[in-house]
Amino acid sequence: MAIYTHYTTTLPNYNQFNNTLQSIIISKNKTKMDSRNGDNFIVSVTNEEVVAAVLPIQEHWLPLSNLDLLLPKVDVGVFFCYKNPMLLSTSTTYLTFESMVVSLKKALAKVLVSYYAFAGEVVSNSVGEPELLCNNRGVDFVEAVADVELQCINFYNPDEFVEGKFVPKKKHGVLAIQVTSLKCGGIVVACTFDHRIADAYSTNMFLVSWAEMAHSIKPTKPKTITTTNKPCFRRSLLSPRHPGSIHPSLDDMYIPISKLPPPSATATKPLLSRIYHITAEELQCLQSLAAGTNDGNTKPTKLESFSAYLWKLIAHAAKRDRSKMVIAKMGIVVDGRKRLGNDSSDEKGKEAMMERYFGNVLSIPFGGKPVEELVDKPLGWVVDEVREFVSVATTEEHFLGLIDWVEENRPVPGLAKIYCGSSSEGPTFVVSSGQRFPEDKVNFGWGKVVFASYHFPWGGEAGYVMPMPSPLRNGDWIVYMHLLKEQLEIIESEADHVFRPITWDYLNQ
């Protein structure tokens, strides 16, 4: 297993930042699961082209906000699966893969007029920081065919059956799209985007607008993106203050890369991706268990209860495999749009713009506790610990201070500390809520999604977990996990009643 060891003590620019980041990124080894029908299918590319905005866009530079600058150069994948539309359609119109692709391309060309950031490319400015060149370069669009039926795809193991097959590798630009026809007539629509340009919230806005545009390609239902749903690129919403005000807690959460310690010489273990589902009943049980053992007067949320339970499981895995005491760290991604939208001078106007803001508006508070304590304490106590460390990032002042923190350290890039720890110090992972994942709204005109998930095998030593609503729309959750093998083994042996591998039988209820 290769370890990249580049490290610099000189003042780095953003190109050096991405090289330095490689010191905590590993080359991923893929692990095969038990053989089953559909394991050896082939995906063949049938066409590749670039789709640009249908209207000309005046070339211009769009600076990244200070919150964008906290993101390393990593790509995020997301995919949507649909059954054969002819099995669901009551229309006499015959839908072919070719006609669906044409509809997707036409809609994409139209929606890129408003979401022009996805049609640009990232370049470096004079001090080495990334900026977005909005030049309508376009989006790489791949068409493919797979000799496998939808029901035979092992979504439980996306490393083997999704990555590199249905989710495209982004080679150029900001966004790449792949549309794949399946043997059964089903279709998979997948995207890979540059996280420096968009967070999941922004990408969700784009996906919904793209689907709505595709729905309205017919002349009888013309569609335009109105000012109420048009993305907002106003970077002044996230401008630093002068003078700035930085709370000491920010130095505990973020670090300039010039202060990163040298990378560990110890070989690190690869992380694996798995997808599970949790029933609504089990979520309610976790919530009830947490409520019965915590000291707060407010009932824990499902996300708090879930995160606390997972923190205990990860600690259990660490305790089993280590003889010395270690600290287990968990981060929770907090979206700052609602916090930054509370401007007393123009509350409604800024709130509306922040709801449509396109870019990264995230912070990642985290907590660390000895694994013995997390294992031995009741779930409610762990929930209280989650609430305590998350509370520091739930105010407008926190996000304004974070913007000021980045400004003070520029041009040296910063990074969330939760991503910088070594696995030898103890397990680290991040939970990012995907409860606003709009799989029920990404309907391109040929039926609802039968399964969808984000896919983020980012390559670092920290794990990543994203719970999303189930496509069954019954209160269940889909949970994407990117964790160490021994952590997944504990989850599947100690909590198999909670985390159940995703199967076609579940999706086809």
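**Figure 1. K377 lies over the face of W381 in this predicted model.** The distance from K377 to the ring centre of W381 is 5.5 Å. The coordinates come from a prediction. A second lysine is placed over a ring as well: K165 lies over the face of F41. Here the distance to the ring centre is 4.7 Å.

**Figure 2. W311 and F389 form an edge-to-face aromatic pair.** The ring centres are 5.9 Å apart. The planes make an angle of 90°. W311 belongs to helix 8 (residues 302–321) and F389 to helix 12 (residues 379–391), so the pair ties together parts that are 78 residues apart in sequence. Are W311 and F389 buried or exposed? Both are buried. The structure holds 28 aromatic pairs.

**Figure 3. Eleven side chains are shown as one aromatic cluster: Y82, Y115, Y116, F118, F193, F206, W210, F233, F358, F444 and W446.** Tyrosine, phenylalanine and tryptophan are each represented. Among the members, F206 and W210 have numbers that fall within the range of helix 5 (200–215). Y82 has a number within the range of strand 3 (75–82).

**Figure 4. Helix 5 is largely enclosed by the rest of the structure.** Of its 16 residues, 13 are buried, so the helix has the rest of the structure around most of it. What span should helix 5 have? At 1.5 Å a residue, its 16 residues should span 22 Å. The end C-alpha atoms are 22 Å apart, which agrees.

**Figure 5. Helix 7 (residues 280–291) turns one face inward, lined by its buried residues.** The buried residues are A280, E282, L283, L286, Q287 and A290. Seen down the helix axis, they fall within an arc of 165°, so they line one face of the helix. What covers them? The cover includes strand 10 (271–278), helix 8, helix 12, strand 19 (477–484) and strand 20 (500–501). The length of helix 7 also checks out: at 1.5 Å a residue, its twelve residues should span 16 Å. The end C-alpha atoms are 16 Å apart, which agrees.

**Figure 6. K105 is a buried lysine in helix 3 (residues 97–111).** Its relative accessibility is 16%, so K105 counts as buried. The cut-off for that class is under 20%. Which residues does K105 touch, leaving out those up to four places away in sequence? They are N47, E49, V51, F141 and E143. Two glutamates, E49 and E143, are among these contacts.

**Figure 7. D68 and R235 form a salt bridge between two loops.** The closest N and O atoms are 3.9 Å apart. D68 lies in the loop between strand 2 (60–63) and strand 3 (75–82). R235 lies in the loop between helix 5 and helix 6 (249–253). The pair therefore ties together parts that are 167 residues apart in sequence. D68 counts as buried, at 0% relative accessibility. R235 counts as buried too, at 14%.

**Figure 8. E163 and K169 meet in a salt bridge through their side chains.** The N to O distance is 3.5 Å. The two partners fall in separate accessibility classes. E163 counts as buried, at 10% relative accessibility. K169 counts as exposed, at 55%.

**Figure 9. D376 forms a salt bridge with K319.** The closest N and O atoms are 3.9 Å apart. D376 lies in helix 11 (residues 371–376) and K319 in helix 8, so the pair ties together parts that are 57 residues apart in sequence. D376 is exposed, with a relative accessible area of 58%. K319 is partly exposed, with a relative accessible area of 36%. Elsewhere, D199, D335, R337 and R436 are joined into one network by salt bridges that share partners. The structure holds 19 salt bridges.

**Figure 10. The whole chain comes to 15 helices and 20 strands.** Of its 509 residues, 58% count as buried. How much of the contact set with a separation of 6 or more comes from residues 24 or more positions apart? The share is 82%.

Conventions:
Residues numbered from 1 in each chain as written. Predicted model: local features only at pLDDT ≥ 70, side-chain atom pairs only at ≥ 80, totals over all residues. Heavy atoms only, no water. Phe/Tyr/Trp six-rings, centres within 6.5 Å; stacked < 30°, edge-to-face > 60°. Helix = DSSP H or I, 4+ residues; strand = E, 2+ residues; numbered from the N terminus. Buried < 20%, exposed > 50% of the residue type's maximum accessible area, 1.4 Å probe, protein only. Lys NZ or Arg CZ within 6 Å of the ring centre and 35° of its normal. Expected span 1.5 Å × (residues − 1). Arc of directions from axis to C-beta. Contact = heavy atoms within 4.5 Å. Salt bridge = Lys/Arg side-chain N within 4 Å of Asp/Glu carboxyl O.
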